[in-house]
Amino acid sequence: MHDIKLIRDNPEAFEAALRRRSQSYSGIAQKLIDIDKERRETQTLLDELKSRKNAISKEIGIAKSKKDEALANELLKKADIERAINDTLEAKLSSLETKLKDELSRLPNLPFDEVPDGVDEKSNELAKNKDGTPRQFGLIRSFSYPPKEHFDLGESLGYMDFASGVKLAGARFTVLRSQLARLERALGQFMLDLHTTEFGYTEMQPPMLVNDATAFGTGQLPKFGDDLFRTINYSSVRDELTRIHDDFTQQGKTILSDMDDWFKVLEREVFLKSNEVLNDPRFRYWLIPTAEVPLTNLARDLIIDEAELPWRFTALTACFRSEAGAAGRDTRGMIRQHQFNKVELVSIVAPEKSVEEHERMTEAAETVLKRLELPFRTMLLCAGDMGGAARKTYDLEVWLPGQDQYREISSCSNCGDWQARRMNARCRVPGEKQTRFVHTLNGSGLAVGRALIAVMENYQNEDGSISVPDALRPYTGGLTKIEKAGK
RNA sequence: GGACAGGUGGCCGAGUGGUUUAAGGCAGCGGUCUUGAAAACCGCCGUACCUGCAAGGGUACCGUGAGUUCGAAUCUCACCCUGUCCGCCA
């Protein structure tokens with residue numbers, strides 16, 4: 001969310017930055033300023049009225065305590081007149097405030113100047129190291145045979161079971177078995193250990209179901225609810241639905257004599273009401289699309305002593321994504337799943353530290369791939385390809401020899417104060433009065449499922465077995481090669 | 001899920017419709033005193049918004065949201081959360 005004061009002070013720059021993401025934001029600054037102007041005028045008016053009203057109320061109190069009923073009655077009449085105007089203005093102010101917040105909360109973050117222009121991934125650039133060399137690591141292995149894709153490898157091994165995934169849940173679910181399940185676990189453990197022991201992240205186990213406020217804080221709501229799975233606590237909803245049904249039935253008997261018409265109305269109304277209940281924040285929970293959501297929200301509604309910052313959190317959680325709009329993409333294999341494991345990195349820092357923290361976090365993610373000796377490159381995303389919360393994003397893309405291309409395995413973003421404003425997450429130098437919004441950063445460190453794929457394709461042998469990377473051997477209980485059972 | 005008890009500032013805690021401008025205490029910050037520290041004493045000590053060049057003035061917030069009232073921390077209703085006991089449960 002953006003600071004309306006900044007928009008007010010610098011509307012052109014604000015809008016120009018937004019339009020780097022999409023031309024559709026043309027005219028938005030003026031629209032916001034108009035709402036804000038009316039909002040402030042209304043509040044000024046209302047505050048003056050309230051001030052008068054408060055003064056009268058106080059006088060009444062004094063009059064009554066002095067038993068001066070005549071004066072009290074006279075003042076009462078005066079107060080009555082004030083009230084009518086008051087109520088109207090109050091309603092107006094609250095609607096303007098809501099409108100402004102709604103508009104602001106739907107706008108994405110402003111890209112940093114160094115973020116390249118562009119509308120999609122075609123304009124992403126290979127990032128550079130400090131010395132100007134391309135940020136590209138590892139040697140791409142040359143194969144004496146056509147390297148296989150992970151799903152072929154996994155299925156021939158008998159450890160990657162797509163049919164069972166479909167049976168148990170549906171498309172985009174997979175069952176890992178035996179040694180591949182073990183390898184997947186080893187990858188997650190390895191990543192957590194690296195981040196906690198070498199990069200100072202604190203290991204966390206957050207909820208994987210979150211409420212509306214949490215989903216709003218990181219920017220999933222209000223705009224992107226369709227990308228998430230949601231669930232309800234049915235037992236608490238059931239009583240509400242029953243009550244609504246009974247209400248309508250009761251009304252139907254008394255209001256309508258023609259039962260056919262009544263049932264049509266009932267059906268429609270019950271549908272609408274049920275929908276309301278299912279969307280009631282009291283009953284619904286969102287499945288997290290990433291641990292960024294709960295971890296970042298740990299700072300929500302807090303004023304943190306700056307001496308305590310940075311906060312660095314890591315967590316290995318399942319992530320759930322509806323993949324609405326991804327129909328037909330990556331349908332084979334387990335590149336794009338409804339459920340996958342990911343080790344997430346989240347940093348909460350003082351405002352002036354976020355740029356340097358972003359580099360540090362990206363290095364933590366890169367270190368995972370370096371230790372696994374997987375070839376990868378680091379891309380700087382263009383304005384149009386970044387997520388809405390980010391000011392700048394690095395994507396780590398790992399080389400997949402079976403696919404003969406780089407694929408995203410991590411995304412590290414500096415969100416500035418955009419999430420902090422939504423969450424009201426602030427910090428303060430101990431002893432000082434001024435509070436400031438924290439800056440938040442998040443990065444995958446890494447997507448475990450995709451890391452598994454990368455290990456499989458890069459470490460495959462001609463006989464279909466997979467060598468276990470050295471870095472993982474402490475985690476695989478002596479297993480150095482993954483091969484078919486019974487061999 | 002049921003019963004009961006609760007939710008007031010960073011923390012503890014008083015407050016049953018009108019000098020509440022939320023008492024008092026603790027912690028914290030500044031000062032006096034002191035070679036220094038402690039103690040004592042004095043002062044400061046929430047967040048956000050509106051207004052103003054500023055000094056300042058104003059408004060809102062006592063779990064959340066509605067309501068009653070000229071006036072609500074206080075009364076009414078709904079909800080959320082916490083504690084204790086019971087029930088269920090990995």
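## R422 and the RNA surface

Me: Which backbone oxygen lies 2.8 Å from a polar atom of the R422 side chain?

Reply: A polar contact is a pair of N or O atoms within 3.5 Å; within protein, one must be able to donate a hydrogen and the other to accept it, and residues adjacent in sequence count only if both atoms are side-chain atoms. Here the partner is the backbone oxygen of F216, 2.8 Å from a polar atom of the side chain of R422. This is a predicted model, where local features need pLDDT of at least 70, side-chain atom pairs count only at pLDDT 80 or more, and totals for chains, interfaces and linings use all residues. Residues are numbered from 1 along each chain as its sequence is written, chains are lettered from A and ligands numbered from 1 in the order written, and side-chain values use heavy atoms, with hydrogens and water left out.

Me: Now the RNA: which residues come nearest to strand B?

Reply: A residue is near a strand if one of its heavy atoms lies within 4 Å of it. Around RNA strand B there are 22 residues, of which Q43, T44, S57, R428 and T435 come nearest. Of the strand's atoms within 4 Å of the protein, 77% belong to sugar or phosphate and the rest to bases.

Me: How far is a phosphate oxygen of RNA strand B from an N or O atom in the side chain of R428?

Reply: For R428 the distance is 2.7 Å. A phosphate oxygen of RNA strand B is also 3.2 Å from a side-chain N or O atom of N54, and one is 3.4 Å from such an atom of R8.
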